[in-house]
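Hi everyone, thanks for coming. Please get the sequence and the structure up in front of you, and we'll take a walk through it together.

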Amino acid sequence: MTLSQRWLKAAYQGSFWLVPLRPLGALYAWVMKRRYDAYVSGKRDVWQAPVPVIVVGNITLGGTGKSPLVAWLVRWLKAQGYTPGIVTRGYGGKAADYPLVVTADTDVTQSGDEPLMLAQQTGVPVVADPQRSRGAKQLVTAGCDVIVSDDGLQHLSLGRDIELALLDGCWGLGNRRCLPAGPLREPASRLQQVDAVLVNGTPSPSLPEHATLMQLVPTTWRHLTTGEQRPLIPLPFSVPVNAIAGIGRPERFFETLGTLGVYGGWYPFGDHYHYEASSLQFAGRQAARPLLMTAKDAVKCRHIAPPDSWVLDVEASLPPEFEYWLAKRLTALTARRRTDG
């Protein structure tokens, strides 16, 4: 376990050795609150797109399932007749120029893992740009009539019409303190300003009672190199396996494998981990085992993984009440824009 992983675990468990950092956490919370107020009051510039903008984000560190939610949103929007696009920072990517239009064939070293994964999963326009407003303008030019901002809650220079904050049901808000004394990017009070709070998995008692529950549902096994899709049962590979996960919360992936009757060696890596061929080599009898991974890992491992490698694809599942609420909000936003125009 790396130092950052140990710190994150301590922050969510409320370990005593973080107590000396509380003054810094309080200062961080004050700075973030001042920053938020500056954008809301107009002291800092905000670019408002001529189309509805839905921001998906969280106030905690660690994985919460934002990317599956973004994928669900754009699929749902397409089914409603919209032409959505995704703007994202492109964490881990190093493009020569921005905004970067990400397609299914973009080099992952330029785009980062999550933008490429979303482009492959959804087929909608995806733009990576550290300056979200610039990336959003590119999507408007491309003809998108709804923009979904991936992990954009703290990127306040991009105006938004709907804010969705996603939390992990198991981790919750941890010790409820801001960095570096806890796992919060913003004070917990920020949840009172968003339009909806969603919880991935069974919520802990500390989370808002009005939150919408989201589940990540395994759908298919996908062969890494051929793209062949197989049902969850029977397993298309033998057990035991080797399984890797370079996501915010690797334990979730390994727990899911267990529910599917898969067992073997679990190998967690840091979020957005840069894999090399040596990362996927195992000694002794383990060398012949099938290799399993997440979709986020797959975009980085396709050309270096062994032949018997499989991806577990998952999709977000949300209740009909949330779909009804979202449809009503978007209808009102679209009508208001037409009236203003």
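I'll talk about a strand and its partners, then about some helices, and finish with aromatic rings. Please keep in mind that this is a predicted model.

Let's begin with strand E6, residues 162-168. How many of the residues of this strand are buried? Seven of the seven, so E6 is largely enclosed by the rest of the structure. Here is a bit of background for anyone new to strands. In a regular strand, side chains alternate between the two faces of the sheet. Now look at each side of E6 in turn. On one side we have Ile162, Leu164, Leu166 and Asp168, and on the other Glu163, Ala165 and Leu167, and all of these are buried. Both faces of E6 are covered, then.

Who are the neighbours? Strand E1, residues 53-57, pairs with E6 in the parallel sense over four bridges. If you want a spot to click on, try Val55, whose bridge partner in E6 is Glu163. E6 also pairs with strand E7, residues 196-200, again in the parallel sense, this time over five bridges. There you can find Leu167 standing opposite Val199 of E7.

While we're in E7, have a look at Asn200, which lies in that strand. Is Asn200 buried or exposed? Its relative accessible area is 6%, and residues under 20% count as buried, so Asn200 is buried. Leaving aside residues up to four places away in sequence, Asn200 touches several others, among them Leu166, Leu167 and Asp168. Thr64, Gly65 and Arg252 are also included in its contacts.

Now for the helices. Helix H2 covers residues 22-41, which makes 20 residues. From its first C-alpha to its last, H2 reaches 28 Å, close to the 28 Å expected at 1.5 Å a residue. The buried residues of H2 are Gly25, Ala29, Met32, Tyr36, Ala38 and Tyr39. Right after H2 comes Gly42, which has a positive phi, near 95 degrees.

Next, a pair of helices. Two packed helices are described by the angle between their axes and the distance between the axes. For helix H3, residues 66-79, and helix H5, residues 113-122, the axes come within 10 Å and cross at roughly 35 degrees. The crossing of H3 and H5 is right-handed. On the H3 side, residues making the contact include Val70, Ala71 and Val74, while the H5 side includes Met117 and Leu118.

Last topic: aromatic rings. How many aromatic pairs does a search of the whole structure find? Twelve. Let me show you two. In the first example, the rings of Trp221 and Phe237 have centres 4.9 Å apart and planes at 90 degrees, so the pair is edge-to-face. This pair links distant parts of the chain, with Trp221 in strand E8 and Phe237 in the loop between strands E9 and E10, 16 residues apart. Trp221 and Phe237 are both buried.

My other example is Phe322 with Trp325, a tilted pair with 5.7 Å centre to centre and 35 degrees between the planes. Both sit in helix H9, three residues apart, about one turn of the helix. Phe322 is buried, with a relative accessible area of 3%, whereas Trp325 is partly exposed at 24%. Together with Trp72 and Trp76, Phe322 and Trp325 form one aromatic cluster.

That's the tour. Thanks for listening!

Notes:
Residues numbered from 1 in each chain as written. Predicted model: local features only at pLDDT ≥ 70, side-chain atom pairs only at ≥ 80, totals over all residues. Heavy atoms only, no water. Helix = DSSP H or I, 4+ residues; strand = E, 2+ residues; numbered from the N terminus. Expected span 1.5 Å × (residues − 1). Buried < 20%, exposed > 50% of the residue type's maximum accessible area, 1.4 Å probe, protein only. Phe/Tyr/Trp six-rings, centres within 6.5 Å; stacked < 30°, edge-to-face > 60°. Pairing = 2+ DSSP bridges. Axes fitted to C-alpha atoms, helices over the stretch in contact; angles between N-to-C directions. Left-handed = near helix turned anticlockwise from the far one by under 90°. Contact = heavy atoms within 4.5 Å.
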